[in-house]
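Work through these exercises with the sequence and the model side by side. Try each task before reading its solution.

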Amino acid sequence: MGNQQGNVYKLNHQGEIINQYQLPDGVKCIVADEKWIYAGCDDGNVYDLSGKIPYLAYEIDDNIDIYWLDIFGGILGVSDANGAVVKIDAESESQWTRLSKGKGGWMIRCDRSHIYHGHGGGITAYDIQEGRQVWHQKTQG
């Protein structure tokens, strides 16, 4: 778990703290990809928490205000406060950015073929390779 002060705690199944880290800024979200664990922070970066000490894994563009992350096979999907969705490869290079039809990117999920982005205007699926919109579904609220 993480908090707005940048503290990250690793707990066992009994709720006991077994490790803790201090990151440079508030923690927005924590995601995992097999054995890797990442934390997205308010400083716009993503940190790898898989080892004994955290280290910078992905540097996100300063214009992206991270709301949520997902990772699949080394591909990082980033959703931001303005409704943008960004695909970043394992070398921290942005592959593409799209602006969805709504603000507040509250959800992002990645799989082999798509990046799914939930935002104020609904849910949009993008082709993972090219960033082309595959479909969009409006939602209530």
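**Exercise 1.** Find the residue in S4 that is the bridge partner of Val 31.

*Solution.* This model is predicted.
- Step 1: Go to S4; the bridge partner of Val 31 there is Tyr 38.
- Step 2: Look along the two strands. S3 and S4 pair in the antiparallel sense, over six bridges.
- Step 3: Widen the view. The open sheet has four strands, in the order S3-S4-S5-S6, and its pairing is antiparallel.
- Step 4: Check the edges. S3 and S6 (55–59) each have a single partner strand, so one side of each lacks a neighbour in the sheet.
- Step 5: Add the twist, which averages 30° from one strand to the next.

**Exercise 2.** List the salt bridges that a search of the whole structure finds.

*Solution.* The search gives two.
- Step 1: Take Asp 42 and Lys 28. Their side chains meet at 3.5 Å, N to O. The pair links distant parts of the chain, 14 residues apart. Lys 28 lies in S3 (residues 27–33), and Asp 42 in the loop between S4 (36–41) and S5 (45–48).
- Step 2: Ask how accessible these partners are. Asp 42 has 29% relative accessibility, so it counts as partly exposed. Lys 28 is also partly exposed, at 31%.
- Step 3: Take Arg 132 and Asp 127. Their side chains form a salt bridge at 3.8 Å, N to O.
- Step 4: Classify Asp 127. Buried means under 20% relative accessible area. Asp 127 has 14%, so it is buried.

**Exercise 3.** Which residues have the most contacts inside the largest nonpolar core?

*Solution.*
- Step 1: Recall the general trend. In soluble globular proteins, nonpolar side chains tend to be buried together.
- Step 2: Find the core of 15 residues. Those with the most contacts inside it are Val 46, Tyr 58, Ile 60, Leu 69, Leu 76, Val 78 and Ile 88.
- Step 3: Trace the strands. S3, S7 (66–72), S8 (75–80) and S9 (84–88) each supply at least two residues of this core.
- Step 4: Follow Tyr 58. Beyond its neighbours within four places in sequence, its contacts include Tyr 38, Val 46, Leu 76, Ile 88 and Ser 92.

**Exercise 4.** Is the phi of Ser 92 positive or negative?

*Solution.*
- Step 1: Start with the rule. Most residues other than glycine have a negative phi.
- Step 2: Compare. Ser 92 is not a glycine, yet its phi is positive, about 70°.
- Step 3: Place Ser 92. It sits in the loop between S9 and S10 (94–99).
- Step 4: Classify Ser 92. At 25% relative accessibility, it is partly exposed.

Conventions: Residues numbered from 1 in each chain as written. Predicted model: local features only at pLDDT ≥ 70, side-chain atom pairs only at ≥ 80, totals over all residues. Heavy atoms only, no water. Salt bridge = Lys/Arg side-chain N within 4 Å of Asp/Glu carboxyl O. Buried < 20%, exposed > 50% of the residue type's maximum accessible area, 1.4 Å probe, protein only. Pairing = 2+ DSSP bridges. Axes fitted to C-alpha atoms, helices over the stretch in contact; angles between N-to-C directions. Core = buried A, V, L, I, M, F, W, Y, C linked by side-chain atoms within 4.5 Å. Contact = heavy atoms within 4.5 Å.
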